[in-house]
Amino acid sequence: MFGEYVKLLKTGEILKWKNYDPTSQMLEIELPTGAITVHQREISRITGNEEVDFLTKTGKANQD
């Protein structure tokens, strides 16, 4: 359903998600200040290009 990262629509930030509850459609996502829970409609999937750009900018591209 989602990749490892999602975009928070309110801020445009690309963030890692931790848990998803399909019944309530709530996701737990990691913010720099801690984890929050949001409804699925508050996020969007990111494209492969967005993920590559994000990983390159954050230095996470070579951590696998």
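This note walks through a predicted model of a protein, point by point.

1. **Overall layout.** The protein has one helix and five strands. Read from the N terminus, the order of elements is β-β-β-β-β-α. The strands therefore precede the helix along the chain.

2. **Dimensions.** The C-alpha trace spans about 35 × 25 × 25 Å along its principal axes. The radius of gyration is 12 Å. For 64 residues, a compact globule would come out near 11 Å, so the value agrees with that expectation.

3. **Surface and interior.** Of the 64 residues, 22% are buried. The protein exposes about 4,500 Å². Carbon and sulfur atoms supply 47% of that area.

4. **Contacts across the chain.** Take the contacts with a sequence separation of 6 or more. Residues 24 or more positions apart account for 33% of them. Some of the points below give individual cases.

5. **Charges.** The protein carries 8 positive and 10 negative charges. The mean positions of the two sets lie 4 Å apart. How many salt bridges does a search of the whole structure find? It finds two.

6. **Salt bridge Lys16–Glu4.** One of the two salt bridges joins the side chains of Lys16 and Glu4. The N to O distance is 3.2 Å. Lys16 lies in strand β2, residues 14–21, while Glu4 sits in the segment before β1, which covers 5–8. The pair therefore ties together parts that are twelve residues apart in sequence. Are these two residues buried or exposed? Neither label fits: Lys16 is partly exposed, at 34% relative accessibility, and Glu4 is partly exposed too, at 41%.

7. **Salt bridge Lys7–Glu50.** Lys7 forms a salt bridge with Glu50. Their closest N and O atoms are 2.7 Å apart. This pair links distant parts of the chain. Lys7 belongs to strand β1 and Glu50 to helix α1, residues 48–58, with their positions 43 residues apart. Glu50 is partly exposed, with a relative accessible area of 24%.

8. **Val6, in strand β1.** Val6 lies in strand β1. Its relative accessible area is 1%, so Val6 counts as buried. Which residues does Val6 touch, leaving aside those up to four places away in sequence? They are Glu13, Ile14, Leu15, Trp17, Ile29, Ile43, Ser44 and Ile46. Ile46 deserves a second look. Val6 and Ile46 are 40 residues apart along the chain, yet their C-alpha atoms are separated by 5.8 Å.

9. **His39, in strand β4.** Strand β4 covers residues 34–39, and His39 is found there. His39 has a relative accessible area of 16%. The cut-off for buried is under 20%, so His39 counts as buried. Not counting residues up to four places away in sequence, His39 touches Ser24, Gln25 and Met26.

10. **Gln25, in the loop between β2 and β3.** Gln25, one of the residues touched by His39, is placed in the loop between β2 and β3, the latter covering 26–31. What is the phi of Gln25? It is near 60 degrees, a positive value in a residue other than glycine. Gln25 is partly exposed, with a relative accessible area of 34%.

11. **Thr23, in that loop.** Thr23 is also found in the loop between β2 and β3. At 75% relative accessibility, Thr23 counts as exposed. Its C-alpha atom is 25 Å from that of Thr47. In sequence, Thr23 and Thr47 are 24 residues apart.

12. **Lys60, after the helix.** Lys60 is found in the segment after α1. Its relative accessibility is 34%, so Lys60 counts as partly exposed. Apart from residues up to four places away in sequence, Lys60 touches Tyr5 and Leu55. Where does Gly34 stand relative to Lys60? The two are 26 residues apart along the chain, and their C-alpha atoms are separated by 19 Å.

Key:
Residues are numbered from 1 along each chain as its sequence is written. This is a predicted model: local features need pLDDT of at least 70, side-chain atom pairs count only at pLDDT 80 or more; totals for chains, interfaces and linings use all residues. Side-chain values use heavy atoms; hydrogens and water are left out. A salt bridge is a side-chain nitrogen of Lys or Arg within 4 Å of a carboxyl oxygen of Asp or Glu. Helices (H or I, at least four residues) and strands (E, at least two) are DSSP runs, numbered from the N terminus. Buried means under 20% relative accessible area, exposed over 50%, partly exposed in between (1.4 Å probe, protein chains only). The radius of gyration is taken over C-alpha atoms; the globule rule is 2.2 Å times the number of residues to the power 0.38. Contact means heavy atoms within 4.5 Å. Accessible areas come from the Shrake-Rupley method with a 1.4 Å probe; for residues, only the protein chains shown count as cover. Lys and Arg count as positive and Asp and Glu as negative; His and the chain ends are not counted. The place of a charge is taken as NZ of Lys, CZ of Arg, CG of Asp or CD of Glu.
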